[in-house]
Amino acid sequence: MHPSVPANNLKDLLALLRAKPGQMNYASIGVGSSSHLAGELFNMMTGVKTQHIPYKGVAFAVTDVLGGQIDLSYASIPSAIQHIRAGKLKALAVSSPQRTKALPDVPTMLESKNAPVSVSTWYSIMGPKGIPAPIVGRIRDEVVRIIDSPAMRDRLETLGAVPWTLDSAQLLAVIKQDLARWGPIVKASGAKI
């Protein structure tokens with residue numbers, strides 16, 4: 001969030017949001033995005049109401065939070081970390097289940113007990129149905145080799161990313177779990193394509 005917002009932890013933020021119901025806003029990288037749904041989940045889990053302001057990408061959202069036009073954002077660590085380290089943004093919590101090496105002093109939302117929210121954004125490489133198994137295996141092996149290299153792993157962790165190397169079955173399980181979890185939240189948010 002912008003440093004001018006008078007909250008230094010989640011307890012402070014919740015008190016502020018409850019004192020100003022519906023008056024504070026949050027930026028997302030678009031309707032239905034992970035940052036939009038994280039904001040809606042936060043509202044649902046804590047009983048507060050914030051106004052969703054969708055943007056057409058992370059750069060625009062972060063720029064307006066930096067400028068103070070937007071109160072807060074549910075931004076990915078890589079998109080905000082340089083501004084947090086420079087003191088231009090405040091990080092109240094991370095939504096991952098564990099603290100991140102990139103911001104070790106920032107607690108998780110689960111630690112706070114005030115906002116029991118856990119959200120992780122993940123990325124995957126996918127292709128069209130019917131790619132021969134040997135080709136899928138080769139691509140996966142090469143991606144895993146790159147991600148597991150010390151230089152890449154260090155770079156990703158410095159940016160706040162946690163590298164995963166799942167096989168197809170494990171990824172499918174994650175997708176099914178996320179669909180079951182996020183479906184009701186999308187419906188409650190009113191997000192439309």
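**Questions on helices, sheet and His2**

In this predicted model, helix H3 (58–66) and helix H7 (150–158) are the elements against which the buried residues of H4 pack.

Student: Which residues of helix H4 (residues 77–85) are buried?

Tutor: A residue counts as buried when its relative accessible area is under 20%. In H4, a helix followed by Gly87 with a positive phi near 80 degrees, the residues that meet this criterion are Ile77, Ser79, Ala80, Ile81 and His83.

Student: Which strands stand at the edges of the sheet, and why does one side of each lack a neighbour?

Tutor: The sheet is open and has 3 strands in parallel pairing, in the order E2-E1-E3. Each edge strand has a single partner strand, so one side is left without a neighbour in the sheet, and the two strands in that position are E2 and E3 (72–73).

Student: Over how many bridges does E1 pair with E2, and over how many with E3?

Tutor: Ala27 offers a place to look, since it stands opposite Ile53 in E2 and has Ser73 as its bridge partner in E3. Strand E1 (residues 25–28) pairs in the parallel sense with strand E2 (residues 51–54) over 4 bridges, whereas the parallel pairing of E1 and E3 runs over 2 bridges.

Student: What angle does the direction of H2 make with that of E1?

Tutor: Helix H2 (residues 34–46) belongs, together with E1 and E2, to a right-handed β-α-β unit. On the sheet, E1 and E3 pair over 2 bridges. H2 packs on this sheet and touches E1 and E2, and its direction makes with that of E1 an angle of about 150 degrees.

Student: How is H2 oriented relative to H8, roughly parallel or roughly perpendicular?

Tutor: Residues of H2, including His36, Leu37 and Met44, meet a set of residues in H8 that includes Arg181, Trp182 and Ile185. The axes of H2 and helix H8 (residues 168–189) come within 10 Å and cross at roughly 85 degrees. Angles of 65 to 115 degrees count as roughly perpendicular, and H2 therefore stands to H8 as roughly perpendicular.

Student: Does His2 count as buried or exposed?

Tutor: His2 lies in the segment before helix H1 (10–19), and its contacts beyond its neighbours within four places in sequence include Val65, Gly67, Ile70 and Leu89. The side chain of His2 also reaches the backbone oxygen of Leu66 at 3.4 Å. Because its relative accessibility is 17%, His2 counts as buried.

Notes: Residues numbered from 1 in each chain as written. Predicted model: local features only at pLDDT ≥ 70, side-chain atom pairs only at ≥ 80, totals over all residues. Heavy atoms only, no water. Pairing = 2+ DSSP bridges. Right-handed = clockwise from strand over helix to strand, strands pointing away. Buried < 20%, exposed > 50% of the residue type's maximum accessible area, 1.4 Å probe, protein only. Polar contact = N/O pair within 3.5 Å; in protein donor to acceptor, adjacent residues only side chain to side chain. Contact = heavy atoms within 4.5 Å. Axes fitted to C-alpha atoms, helices over the stretch in contact; angles between N-to-C directions. Parallel < 35°, antiparallel > 145°, perpendicular 65-115°, else oblique.
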